[in-house]
Amino acid sequence: MPWGDKTINWKIAGAAGLGIKSTGEVMAKALSRSGLYINGYTEYPSLIRGGHNTYQVLASEKQVSNPRWNLDILVALNEEGVVLHEDEIDERTKIVVDESVKIEGNRGRLIQVPLLEKAKELGNPIVQNVIALGVSAALIGVEISIFEELIEEEFGKKKELLEINKKALRVGWELAGEERQVELRKRADKPRMVMSGSEAVAMGAMAAGMQLYCAYPMTPATPVMHFLAKYQDKYDLVVRQTEDEIAAVNMAIGASFAGVKAMTGTSGGGFALMQEGISLAGMLELPLVVMLAMRPGPATGLPTWSSQTDLRFAIHAGHGEFAKIVLAPGDPVEAYELSYKAFELAQKYQTVVILLTDKLLAESHYSVELLEEKPVVEVSNVTDKPKKPEEEMFHRYQPSANGVSERTLPGLVNGYYVANSDEHGPEGLVDESAEMREVMVRRRLLKLKSIESDMALPVIYGSKETKLSLVGFGSVKGVALEVIKEFNDVNYIHFNHVWPMPSKAREVLEGRKLVFLENNMTGQLEGLVREYLGLGGISNIRKDDGRPFYVDEVVNLVKRII
């Protein structure tokens, strides 16, 4: 079936434990295998058990990168699944719901089918989600064999579950009755990958040759650890769950001292616990990659929701002044590329690189073309032939032209030095003299000038000559790219290399009417641009309710500004 500009906005909603997320992921993969671009977005409360869960898939023949508000199909596995989403329903929306659920006064078109009854007949009430998936497949008009293939991949080794799920899918397909699409969308010749931001971060780190990932579980950073743990036996990689985030960052620092490419990851409160370790890495001048997956704070805040409120926190991480780098990918391809680049920069400048993501990017799914293979990042600035100094110890912190000095690894003859958290001299021995302090602090900060040359300028999406430019960082790229499709005279300027802010970024922004688009309430990126580039916006669009920007709401706000 030719789709052209047509999109399908599908959502499944219901209680936790009904397989909402897994059903949504199957739908996302099936639509992708039929040749469509997809964006999959999940919401769930921070409860151990229970609560209302959703998974939403937007699909189109054209690239889609952010959830939209109005639904074409809503699958509700309970009454709450309809009531809580009334605002997303219009007269076109098809609502698939069990026949026992009483719904009054909604605006959509009800398709009531015996989901629960048929699931019980099959011997497992849980498979009502798969029956609903079958109904959805028929309504959208996608070849059912694609869904069967995905079910086989999931349950292939569990014959009993495989059979009941395949039967449930067929039952749902038949229940669609006259609503079923006659013209079916067939399998794509070259299916795309369906990937989350977390998976992309993990793959970028593996491409760089990461050898150790250590972390304590914390939403929404945890999926990176889960993904890496799944593949650690296949690759030369060790994944360790530590007792807390303090242990995680210090384990990574210790491994880096020994020449291991190490990474840790966490979210708000966990990143707060890591501060002393990050500062330690700054003083020891060791390569360290830290992923910070943002969520709304302060404190526990909204643990399973999204925000961009930790940009300043990342830039100012760790006490004292030292060079650090902050990268903020906006989609899985950038997450892969910048996760890899984080290891390159950490090695090149012997410093901390923070990879800034958020829940929206980390847990959403996107259509991705095949990723580029990359050479393993070498452990650099390490000598195995240390020049024997007049003194007995190796001068690890010898002043240099760009602030980066060669280091040695433990056990090397003539290479030993002290890795000291106190201020020190070239060999690492404590030195509290004013003269040495000034030499060392200037030397460490000297790296910032060199790092700036590796900071990419913000990228302009859309026409370069426009009436107005949206400006953002990280995951707002998704909604911004959708919004500019709605205007002829609006483009988007995207920062993914945030700190140190490249001074030449001024040339990209200067002379434009800027509207900063941020998932925080204080305009953290806008503040940085004002402070370091001397430029500001004519307006801003800010939101920090834990939910992402929706395309429709930003379009309406931009119309008011123009």
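Contact here means heavy atoms within 4.5 Å. The model is predicted. Against that background, the sheet and its covering helices are described first.

An open sheet is built from 8 strands, and their pairing is mixed. The strand order is β6-β5-β4-β1-β3-β2-β14-β7. Strands β6 (109-113) and β7 (193-196) form the edges. Each of these two pairs on one side only. Neighbouring strands in the sheet are turned against each other by 20° on average, direction ignored.

At one edge, β7 is paired with β14 (residues 365-368). The sense is antiparallel, and the pairing spans 4 bridges. Within this pair, S196 stands opposite H365 of β14. In general, strands of a sheet pair through backbone hydrogen bonds, either parallel or antiparallel.

Two helices lie across strands of this sheet. Helix α7 (residues 197-207) lies across β7 and β14. Its direction is at about 90° to β7. Helix α1 (residues 20-33) also lies across β7 and β14, together with β1 (7-15), β2 (37-43) and β3 (52-60). Helix α1 runs at about 5° to β3.

Helix α16 (residues 476-483) is a mostly covered element. Of its 8 residues, 7 are buried, that is, under 20% relative accessible area. The buried residues are V476, K477, G478, V479, A480, E482 and V483. Their cover includes two helices, α13 (332-349) and α19 (551-561). Strands contribute as well, including β15 (459-461), β16 (468-473), β17 (490-495) and β19 (514-518).

Technical notes:
Residues are numbered from 1 along each chain as its sequence is written. This is a predicted model: local features need pLDDT of at least 70, side-chain atom pairs count only at pLDDT 80 or more; totals for chains, interfaces and linings use all residues. Side-chain values use heavy atoms; hydrogens and water are left out. Two strands pair if DSSP finds at least two bridges between them. Axes are lines fitted to C-alpha atoms, for helices over the stretch in contact, and angles run from 0 to 180 degrees between N-to-C directions. Buried means under 20% relative accessible area, exposed over 50%, partly exposed in between (1.4 Å probe, protein chains only).
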